[in-house]
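Work through the exercises below with the model open. Try each task before you read its solution.

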Amino acid sequence: MTTYKNTLEFAKRLDSEDELNSYRKKFHIPKDNKGNELIYLTGNSLGLQPKSTKEYINQELEDWANLGVEGHIEAKNPWLPYHEYLTENMAKIVGAKPLEVVVMNTLTTNLHLMMVSFYKPTKLRYKILIEADAFPSDKYAVESQLRHHGYDDKEGLVLWKAREGEELAKYEDLEQILEEQGDEIALIMIGGVNYYTGQFFDLKRITEIGHKNGCVVGFDCAHGAGNVELNLHDSGADFAVWCTYKYLNSGPGSLGGCFVHERHAYDKDLNRFTGWWSHNKKTRFNMRHEFDVLPGAEGWQLSNPPILSMAAIKASLDMFNEVGIIKLNKKSKKLTGYFEFLLKELGEETIRIITPSNPDERGCQLSIQVLNADKKLHDRLTEEGIISDWREPDVIRCAPVPMYNSFEDVFKMVKRLKQILNE
Ligand SMILES: *Cc1c(COP(=O)(O)O)cnc(C)c1O
């Protein structure tokens, strides 16, 4: 148990003792118009750019300039198998086997592709269960899948809600829902770390509850990948999807990741949408063959992927691999713990942390609920050089990211917050 102190000196000491403190210099930290570094706490929305990203992308631009189409084979990193360079490191980040992971498409697209294979409604079992405050895109995606199969999207959608007056969803309530209508639910699709509250769900527990009731279970890990230890393989989940532009620092709109559990890896009968990139690599270019699906997650690819985006992902994953998710997590718990300590020290009744206080039930994000939904507080923070984000109705989300945020960052954030609250 760390004993924290509410002083700048103490924050600086924690930074000097931090074994990851050299990584901050490897990122571009945005500055204000006077050239002062901003306190960037929105790595949960768009991760910062590693300085190495430019080199990685330039390599591919140069090879394209010099080689044209030959770059598919002759580039320093041949483009044909480029996605494979990402697989092993990505698998480590999400706790999966390389066979189970592929980088492709974007997040919501992957979610749909997964539902093509894993949402197989029947007359009696057709409903989809999601958490009540799921990310809007996820909700829209599952509703459209319901409609696509001819079901009413209101009647077919089951919500796992927090209780009246509470923010966090309870497993007992999930069990209750499944007891009552488990045999009507075809798919459970939950945000592994809820984007709003920052609650990190017990993926294994949810999967077990779902499987016991005959449901397929998938997770959207957009807020989990690179943030918490997901252990996707051990969770037993059927599938998972995530993006790489949040905690994985790969740039705006970059490609997503996809996990399909090993138990489905060789099931050629599993219905799916396909393209030439899901076809056997040896005969892909013969163009005349009967379709022969690749085993594992690769068998869900459609197109030859955008190399420039993948180069940015490679730059980031190489850094993650160097540090390792274990060390990142260790620092993350300490950093967010310090942030929480400082916020509580304020003793303010106008703000309240709704993220779980148990470090195992959250990642780095703290969601701060503001009394009377006063958005001015967020605007003032922005004016004072603190980049956080406001989510309707009443929450400021702050994510001190262990790779590049410092203990000094969170100290300064809370100090400025205090000044603003006293204005
Ligand atoms: C960020 C995020 C998205 C965004 O989806 P895109 O397809 O990448 O635009 C969707 N779902 C969740 C849970 C997210 O956190």
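**Ground rules and a first loop**

Asn231 lies in the loop between strand E6 (216-220) and helix H9 (232-235). Helices (H or I, at least four residues) and strands (E, at least two) are DSSP runs, numbered from the N terminus. This is a predicted model: local features need pLDDT of at least 70, side-chain atom pairs count only at pLDDT 80 or more, and totals for chains, interfaces and linings use all residues. Residues are numbered from 1 along each chain as its sequence is written, and side-chain values use heavy atoms, with hydrogens and water left out.

**Exercise 1.** Describe the backbone and the exposure of Asn231 and Asn249.

*Solution.*
- Start with phi. Asn231 has a positive value near 45°, in a residue other than glycine.
- Asn249 is not a glycine either, and its phi is positive, about 50°.
- Next, place Asn249. It sits in the loop between strand E7 (239-243) and strand E8 (256-260).
- Recall the classes: buried means under 20% relative accessible area, exposed over 50%, partly exposed in between (1.4 Å probe, protein chains only).
- Apply them. Asn231 has a relative accessible area of 38%, so it is partly exposed.
- Asn249 has 3% relative accessibility, so it counts as buried.

**Exercise 2.** Find the cis peptide bond that involves Pro393, and give its omega.

*Solution.*
- Go to the loop between strand E12 (389-391) and strand E13 (395-398), where Pro393 is found.
- Look at the bond that joins Glu392 and Pro393. It is cis, with omega about 5°.

**Exercise 3.** Place Pro78 and relate it to Asp63.

*Solution.*
- Pro78 is in the loop between helix H3 (71-74) and helix H4 (84-94).
- Its relative accessibility is 23%, so Pro78 counts as partly exposed.
- Now take the C-alpha atoms. Pro78 and Asp63 are 9.4 Å apart in space and 15 residues apart in sequence.

**Exercise 4.** Describe the chain as a whole.

*Solution.*
- Count the elements: 13 helices and 13 strands.
- Check the radius of gyration (taken over C-alpha atoms; the globule rule is 2.2 Å times the number of residues to the power 0.38).
- The chain has 22 Å, close to the 22 Å that the rule gives for 423 residues, so it is as compact as a globular protein of that length.
- Along the principal axes, the C-alpha atoms fill a box of roughly 70 × 60 × 35 Å.
- Finish with burial: 55% of the 423 residues count as buried.
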